Amino acid sequence: MTRTNKKQWLALAVSSALAAGANAEIFISQYVEGGGFNKAVEIANSGDSDVTLTGYQLAKSSNGDGTWDSLDLSSYAIPAHSVLVFANSKANEAVLALTSVPTNHQALNFNGDDPIALLDSNGQVLDMVGAMGETFGKDKTLVRYQNAYQPSSVYIAQQWATLAKDDLTGLGELEALEPPQAFQCLDNGNDPVFTAIQAIQGEGGSSPYINGYPYITDEQFFVQGVVSAVSTGINQGFYLQALEDDHNPLTSNGLYVYTQSNPSLAAGDVVCVRGQIQEFYGQTQLKLNEQDWVKQGEQTAPVATQVEVLASDENFEQTLERYEGMLVNLPQALDMRVSRTFGYDYSARRNNMVLAHERVNLHPNQIYAAGTDEAKAQSEDNSLRRLFVESPTPAANGVVPYYPEFGRSDVDQDGSTEDYIRINDTLFGIEGVIGYSYGDYRLFVTNTISKDNFVRNTPRTELPNLAEQSWNKKDLRVATFNVLNYFTSPFGGDENRFGSNRGASNLGEFEVQQEKILQALLRLDADIIGLMEIENNGFGDNGAIAQLVNELNARVDNRKQRYEFVSVDSNQDGVIDALDAMGSDAITTGVIYRPSKVKLKQANVIEMPRQVAPEVLDDDGKVIEDGKNYQRNTLAPTFKVKGGKEKLTVAVNHFKSKGSKCWEDAAAKSEGGKEAKISISKAHVRHFA
């Protein structure tokens, strides 16, 4: 028997006669990280006796953070030479048909950078798939080779065969899978003819070996080079540098080698590889099958080459293409400006930073009207100057892996660090390998930097430098500030009636967020401040805006400089409390002010336009657009400036992002919409009488 069904493991679990045999080995034998909820883990018993799993836990470490979310396996058992398959209960029918235990436990809701482990009753790792901080299993099925049928507390990639996404071959059965023969770097028993890296890269934007779809060669090529960097996180493979320079500045001396697993190599290793030349979404690379590479020796690791713009380069994108796959250094003369500081990239779904050649990339609408030819030209020019800066492994929030001192210093104790990254800084001396993905060139950093690697083109000032104009001589300061999802409801604040928490995930994060906001508001030193993205949990004593004002005032010694907040009686019951709100979204706008400087005359709320349209359905009758789209209301309080007769109305908006959809985006053209970019054959509008 090689497979355990639900009735079998249940019967085994309740049988008191079962005991772990002396030869029993319990280990993870298969891992499925497929599309959607297609997640499964197969646990095997290769011993000669049935085994109860008392004390065992199946665990996931989210993003490899070192903590475990565990599912107790004590109520399960596995017969000799058999397996037990745990899968996400929302997986498709094909997965569930091979599953012993469907479950909605978080341990079976993993991604390719979440290590999976078997733990003992003390939480110690017995067996593990994946490594902390590495992307090892994204869109893959991993099957353990027969010669590695034993638990290992350390993930060894060579013990696993890699299958395609959603490939369920062998799931539910303890099949003998032999590892492939070790790669020998021979071509039919003879020494191979190596193809030069420069020849593969060519002088153009793509490899001369690629002639259109499917953008990969049928033929396999032997390549020899020295490893310049190894990628075990965001990408899985390594970068090869040519052993000899062809002294042609138009061809790159580097090449990315995609191995589909994390290779045990280091910079300076001389390697022979065999694979297919591929243009993978614009990146020239060598794609290997299984473990078709072998280390042949070692030499001094490659030295980073300084990036230089040639007069013949049509643009900076062409400059970067000449260095694709190479280990490079960005010199100060290149003048790479910080265009977006280190933070979350919603397209790539990770933290990174953006540089731009010779200037900051302004949003096209900063200068030109949206949709104009000038705005389109600005957008194109931005893309040609852009370089993303990536860490080799996904970076945790608040940590810049290649800038270890980031945010840590405060020599003058003014509450602001000397180790910062600022828009328009020139960054130099940073090194890494040049890759290409998501339509942009990317520098995967290999060294570390400090504040000495930045030229502060627009240094910080203690106070703003105001021009000598009549308007800045007045005694009233108005400012706005986005508090970026300041939510108090999970931490003792009043309930949010309009949505779940969008802010800090734990109390520690919240305290850091709150203190940063408070320090920023103190330094704004404004008399009226408009707030965006504050939690919409009312105007009671435990509302978010009340807590923020209380905490702010606790840090202001001068009572005349303290704040109050604008509130509205939205339910018109004559009482301002937790049941009042601004709009019906989980976040809202707010206004705080100094009563010593202005007197609140009226709290105005401007109703913003709404869209109410028929539902749009797909062919299966599923609603893909409910037709109810709205903008957040505007809070526009009117104040009287003290010491004069002037009145001032401050309108605080927080419009929906441009990525927010409207009815027209989903509805078919025949119904008054536009061509829908949805994966259905036809959109139907449901009309109501």
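## Domain arrangement

In this predicted model, the C-alpha centres of domain 2 and domain 4 lie 52 Å apart. The domain assignment places domain 2 at residues 197–302 and domain 4 at residues 478–671, and it also gives domain 1 (26–163) and domain 3 (316–455).

## Overall dimensions and fold content

Taken along the principal axes, the box filled by the C-alpha atoms of the protein is roughly 95 × 75 × 65 Å, and the chain contains 9 helices and 38 strands. Of the 689 residues, 48% are buried. Among contacts with a separation of 6 or more, 68% join residues that are 24 or more positions apart.

## The largest nonpolar core

Nonpolar side chains tend to be buried together in soluble globular proteins. The largest nonpolar core here has 32 residues, and those with the most contacts inside it are Tyr 486, Leu 531, Ile 534, Leu 548 and Ile 592. At least two residues of this core come from each of strand S27 (478–486), helix H7 (507–524), strand S28 (528–535), helix H8 (544–553), strand S30 (587–593) and strand S36 (634–641). Apart from this core lies another, of 29 residues, which includes Leu 330, Val 338, Val 445 and Ile 449.

Which residues does Tyr 486 touch, not counting those up to four places away in sequence? They are Phe 510, Gln 513, Gln 514, Ile 517, Glu 533, Ile 534, Glu 535, Ala 544, Gln 547 and Leu 548.

## Helix H8

Helix H8 is mostly covered, with 8 of its 10 residues buried. The buried residues are Ala 544, Ile 545, Ala 546, Gln 547, Leu 548, Val 549, Leu 552 and Asn 553, and they pack against S27, H7, S28, strand S29 (564–565) and S30. Leu 548 is thus named in several roles: it is buried in H8, it is touched by Tyr 486, and it is among the residues with the most contacts inside the largest nonpolar core.

## The second largest pocket

The second largest pocket holds about 1800 Å³ of space. It is lined by 49 residues, of which Thr 135, Lys 138, Ile 234, Arg 350 and Tyr 438 are the closest to its centre. By residue class, the lining divides into 16 nonpolar, 20 polar and 13 charged residues.

Strand S12 (160–163), strand S15 (254–258), strand S16 (269–280), strand S17 (283–298), strand S21 (350–357) and strand S24 (431–437) each contribute at least two residues to the lining of this pocket.

Conventions
Residues are numbered from 1 along each chain as its sequence is written. This is a predicted model: local features need pLDDT of at least 70, side-chain atom pairs count only at pLDDT 80 or more; totals for chains, interfaces and linings use all residues. Side-chain values use heavy atoms; hydrogens and water are left out. A nonpolar core is a set of buried Ala, Val, Leu, Ile, Met, Phe, Trp, Tyr and Cys residues joined through side-chain atoms within 4.5 Å. Buried means under 20% relative accessible area, exposed over 50%, partly exposed in between (1.4 Å probe, protein chains only). Helices (H or I, at least four residues) and strands (E, at least two) are DSSP runs, numbered from the N terminus. Contact means heavy atoms within 4.5 Å. On a 1 Å grid over the protein atoms alone, a cavity is a set of points where a 1.4 Å probe fits but cannot get out, and a pocket is an open set with protein on both sides within 12 Å along at least five of seven lines; lining residues have an atom within 4 Å of a point. Grid points are joined across faces, edges and corners, and a volume is the space filled by probe spheres set on the points. Ala, Val, Leu, Ile, Met, Phe, Trp, Tyr, Cys and Pro count as nonpolar, Asp, Glu, Lys and Arg as charged, and the others, Gly among them, as polar. Domain bounds come from an automatic or database domain assignment.
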